[in-house]
Amino acid sequence: MSEESFAQMLDNEEWKEIRTGEVVDGRVIAVKPDRIVLNIGGKSDGIITRSEYTSAPDVDLTTVVSVGDEMKAKVLKSNDGEGQVALTYRKLVADSLDTAHALISSLEHAFNNQEPITGVAKNIKGGLEVIVDEARVFIPASLISDTFVKDLSVYNGKEVTFVITEYDPKNRKIIGDCKQLIVAAKKAAQEELLSKIKEGDTIEGTVKNVTD
């Protein structure tokens with residue numbers, strides 16, 4: 001193959017476009033004490049300098065990362081001026097912590113104010129697991145409904161609304177309760193109905209039981 005045809009092949013190759021601000025997956029292909037080189041599937045490799053990996057000034061990166069490791073990073077510049085992609089691991093971790101903190105604050109607010117939350121359910125042993133953003137909430141079988149539900153698989157993939165009754169994120173214990181919302185809704189509906197009934201009205205109903 002001639003140099004010209006090889007160069008033409010490279011020009012025609014479909015490379016993954018790398019954009020500033022996006023999160024990329026990479027594989028470590030080289031490590032030096034002060035920088036990490038990642039293959040990120042683009043035309044150029046990605047570089048994470050020591051300062052963009054950690055705030056510790058003297059850490060030797062060869063002691064914390066090895067060739068072949070898989071890792072994520074955030075794109076600082078699609079071209080650092082030397083034809084390579086400037087990446088940051090430290091800012092990606094910080095962003096993740098900010099997101100986690102915001103999520104925890106949101107759930108804590110809902111718990112403190114007993115505000116209803118809605119999430120998609122999946123039946124697991126003993127109840128339902130509901131994913132709210134990235135948090136997992138457990139709803140015991142006894143708190144799913146005001147009536148007994150034998151087959152919890154009917155909730156798979158469906159949205160359920162609940163309030164948080166126990167909140168302990170450090171121990172990953174967040175408990176939800178659908179039952180009290182259902183009971184409250186039925187009570188409110190009953191009270192509304194009774195408020196509309198006046199003496200002399202004719203109403204229809206079904207006999208549920210007869211007592212002496």
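Is Glu129 buried or exposed? Glu129 is buried, with a relative accessible area of 18%, and that puts it under the 20% limit for buried residues. Welcome to a quick tour of this predicted model, which takes in the overall fold, the charged pairs, the aromatic pairs and two buried residues. The protein chain has 212 residues, and buried residues make up 25% of them.

**Overall fold**

- The secondary structure of the protein chain comes to four helices and 10 strands.
- Following the sequence from start to end, you will meet these elements in the pattern α-β-β-β-α-β-β-α-β-β-β-β-β-α.
- Among contacts in the protein chain with a separation of 6 or more, 54% are between residues 24 or more positions apart.
- The chain exposes about 14900 Å², and carbon and sulfur atoms supply 50% of that area.

**Salt bridges**

- The count of salt bridges comes to six, and three of them are described here, including the one formed by Glu129.
- Glu129 has Arg136 as its partner, and the closest N and O atoms of this salt bridge are 3.1 Å apart.
- While Glu129 is buried at 18% relative accessible area, Arg136 counts as exposed at 54% relative accessibility.
- Another salt bridge joins the side chains of Lys91 and Glu52, with 3.2 Å from N to O.
- Lys91 belongs to helix α3 (residues 90-113) and Glu52 to helix α2 (residues 50-53), so this pair ties together parts that are 39 residues apart in sequence.
- Lys91 is partly exposed, with a relative accessible area of 34%, whereas Glu52 is buried, with a value of 14%.
- Lys186 and Asp146 also meet through their side chains in a salt bridge, at 2.8 Å from N to O.
- This pair links distant parts of the chain, 40 residues apart: Lys186 sits in helix α4 (residues 179-196), and Asp146 in the loop between β8 (135-140) and β9 (159-168).
- Lys186 counts as partly exposed at 48% relative accessibility, and Asp146 counts as partly exposed at 28%.

**Aromatic pairs**

- How many aromatic pairs does a search of the whole structure find? The search finds two.
- In one of them, the rings of Tyr53 and Tyr89 have their centres 5.0 Å apart and their planes at 15 degrees, so the pair is stacked.
- Tyr53 is in helix α2 and Tyr89 in the loop between β5 (85-88) and α3, so the pair ties together parts that are 36 residues apart in sequence.
- Tyr53 is buried, with a relative accessible area of 18%, while Tyr89 counts as partly exposed at 27% relative accessibility.
- Phe111 and Tyr167 form an aromatic pair that is stacked as well, with 5.8 Å from centre to centre and 25 degrees between the planes.
- Here the partners come from helix α3 (Phe111) and strand β9 (Tyr167), so parts that are 56 residues apart in sequence are tied together.
- Phe111 is partly exposed, with a relative accessible area of 24%, whereas Tyr167 is buried, with a value of 16%.

**A buried acid: Asp177**

- Asp177 lies in strand β10, which covers residues 173-177.
- Asp177 is buried yet has no salt bridge, and the nearest side chain of opposite charge, Lys179, is 7.4 Å away. A salt bridge needs the nitrogen and the carboxyl oxygen within 4 Å, so a side chain at that distance does not qualify.
- The side chain of Asp177 does reach the backbone nitrogen of Lys179, at 2.8 Å.
- Leaving aside neighbours within four places in sequence, Asp177 is in contact with Leu143, Phe162, Val163 and Thr165.

**A buried loop residue: Leu61**

- Where does Leu61 lie? Leu61 lies in the loop between α2 and β4 (70-77).
- Leu61 is buried, with a relative accessible area of 0%.
- Leu61 and Val31 are 30 residues apart in sequence, and their C-alpha atoms are 6.9 Å apart in space.
- Once neighbours within four places in sequence are left aside, the contacts of Leu61 include Val31, Pro33, Ile36, Ile48 and Arg50.
- Tyr53 is also among the contacts of Leu61, and you have already met Tyr53 in the stacked pair with Tyr89.

Notes:
Residues numbered from 1 in each chain as written. Predicted model: local features only at pLDDT ≥ 70, side-chain atom pairs only at ≥ 80, totals over all residues. Heavy atoms only, no water. Helix = DSSP H or I, 4+ residues; strand = E, 2+ residues; numbered from the N terminus. Buried < 20%, exposed > 50% of the residue type's maximum accessible area, 1.4 Å probe, protein only. Lys, Arg positive; Asp, Glu negative; His and termini not counted. Polar contact = N/O pair within 3.5 Å; in protein donor to acceptor, adjacent residues only side chain to side chain. Contact = heavy atoms within 4.5 Å. Areas by Shrake-Rupley, 256 points an atom, 1.4 Å probe, with all protein chains shown as cover. Phe/Tyr/Trp six-rings, centres within 6.5 Å; stacked < 30°, edge-to-face > 60°.
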